[in-house]
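Trainee: Please give me a close account of the enclosed space inside this model. I should like to know what surrounds it and how the surrounding elements are arranged.

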Amino acid sequence: QLGVDMSMQPLGEGFGAELSMSKKIGVVAVISMAMGIIVTVAEPDLTVLAEQVSAIPNMVLILTISIGVGFFLVIAVLRVMFGISLSMLLILFYVVMFAISAFTPADFLSMAFDSGGVTTGPITVPFIMSLGVGLASLRSDQNASSDSFGLVALCSVGPIIAVMVLGIFYRPDAAMIGEVVIPAVETTRDVVKEFLGEMPHQAWNVLLAVSPIVAVFIIFQAVTKRFKKIQILRMSVGFLYAYIGLVLFFTGVEVGFVSVGHMFGAELSSGGFKWLLIPIGALCGYFIVTAEPAVHILNNQVQDVTNGLVSSKTMNLCLSIGVAVSVGLAMLRVITGISIYWIVIPGYIIALGLTFFVPKLFVGIAFDSGGVASGPMSTTFLLPFAMGASEALGGNIARDAFGIVALVAMTPLIAIQVQGLSYRLKLDKTKAAAAASARIIEELMTEEEENEIIDFNENIDIIDEEETENELPEDDLLIGDSLKEDSPKEEQ
């Protein structure tokens, strides 16, 4: 994560600033599309999801989702440049999404909803959010800050629609879900052997995924000359850190983390206390948010853009509560087998309805937070956890276990907007109190006091004319200590 902070964030801001100065819409669209595809291919969450779906070749699923992100990144960039309403775009595309879902095979449905969450992880989120900041930085209107959010929200819709379309045309014969293989280890030496054996494979895969981003950085610098030598050095070290971190992350996921989540869910379900899955799942969801790398990026950026108005601590609390509720609902689906529609349709109706009552800034933050909360921790632990529980209960894994990432991405939309609604009510109350105080003061002022103020201002003007060359005494009762020789007339 340190490497991503050092490399992807400045690269994203640089791209955003350069794109906002371009007058050629075609160039902006092509560059945005290419960058959306490149950063999504490198996203670790997406690779983990693809490996858990055996029926579709990994690269087919990864490229389908990446193209969905790239296309919607173009829409998101143009929205910021032209100041188009985020709420209206979200309503339009969610209506399209649910319309397409009516024709999507049931086994693809939950996985399609999950794909929107896994594309917004520790690689894509820093770049896309920084891109939004860079795009809005050159705008001087009052909506610039609020428009810098919302890119992640739109980029989360694209993959869902793309996978639904893939499901309509792609009819696999094999089983949808890949088998989770738990390594047979007995000693510490066996554990070390498993990790060392997996590491070269992951090192090569990560190199292939990250190389395009490094190539884009080199080309971008050669064309724009935007970064100074010290910045180039820092970003180069950042790419190295990110590469090492991703290799270790993928190795840990493949060897241990997926297996732990799967075993945990299976053991809890097979013990005769299946209803305990709901409170235990909710507890895991509450605490797992703090381990999501991209959440800290969002929280810090929100705190900076709002000048501390929305603290990172408050954001963390809202996200934790939202994710706890979503994981509890996901476990309810695993136990009962109810359709994901019964949760996502009411959830999105509430979330989209709130956009008309919440300040614009909070709308963008809320819909971005949904994608950010469903990061690599959700994909590598919560999804295998649900899969293990569903398998132990004899359920349909494709329909019941998949969808947990989608629910994790949905509930923060409501939680953050409720926080925004509360803020708006408090702000309106404060404004009303201030207006009432001003009216009382105005009524208390007598005509004589108003005349004294006028005389005071006239005295200031007389002194200003007579004392242009001589410094006034420090203890002058009319002026006080704040007057300086070179002060403008208005200040005096």
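Mentor: The count of cavities of 30 Å³ or more comes to two, a cavity being a set of points on a 1 Å grid over the protein atoms alone where a 1.4 Å probe fits but cannot get out. The model is predicted, with local features requiring pLDDT of at least 70 and side-chain atom pairs pLDDT 80 or more, while totals for chains, interfaces and linings use all residues. Residues are numbered from 1 along each chain as its sequence is written, and side-chain values use heavy atoms, without hydrogens or water.

The largest cavity holds about 120 Å³ of space, the volume being that filled by probe spheres set on grid points joined across faces, edges and corners. Its lining (residues with an atom within 4 Å of a point) comprises 15 residues, and Y94, S156, Y348, G371 and A409 lie nearest the centre of this cavity. Four helices (DSSP runs of H or I, at least four residues, numbered from the N terminus) each supply at least two residues of that lining: α6 (106-118), α9 (151-169), α16 (360-373) and α19 (404-444). Of the lining, α9 provides the largest share, with four residues. In chemical terms, 10 of the lining residues are nonpolar, five are polar and none is charged; here Ala, Val, Leu, Ile, Met, Phe, Trp, Tyr, Cys and Pro count as nonpolar, Asp, Glu, Lys and Arg as charged, and the others, including Gly, as polar.

Two of these lining helices, α6 and α19, also form a crossing: their axes come within 7 Å and cross at roughly 55°. The angle therefore makes α6 oblique to α19, since under 35 degrees counts as roughly parallel, over 145 as roughly antiparallel, 65 to 115 as roughly perpendicular and the rest as oblique. Axes are lines fitted to C-alpha atoms over the stretch in contact, with angles from 0 to 180 degrees between N-to-C directions. The crossing of α6 and α19 is left-handed (the near helix is turned anticlockwise from the far one by less than a right angle).

The second largest cavity has a volume of about 50 Å³. Around it lie V4, S7, M8, I123, V210, I213, F239, A242 and L246. Two or more residues of this lining come from each of α1 (2-21), α10 (188-224) and α11 (229-270). By class, the lining of the second largest cavity divides into eight nonpolar residues, one polar and no charged.

Conventions. 1 Å grid on protein atoms, 1.4 Å probe; cavity = no way out; pocket = protein on both sides within 12 Å on 5 of 7 lines; lining within 4 Å.
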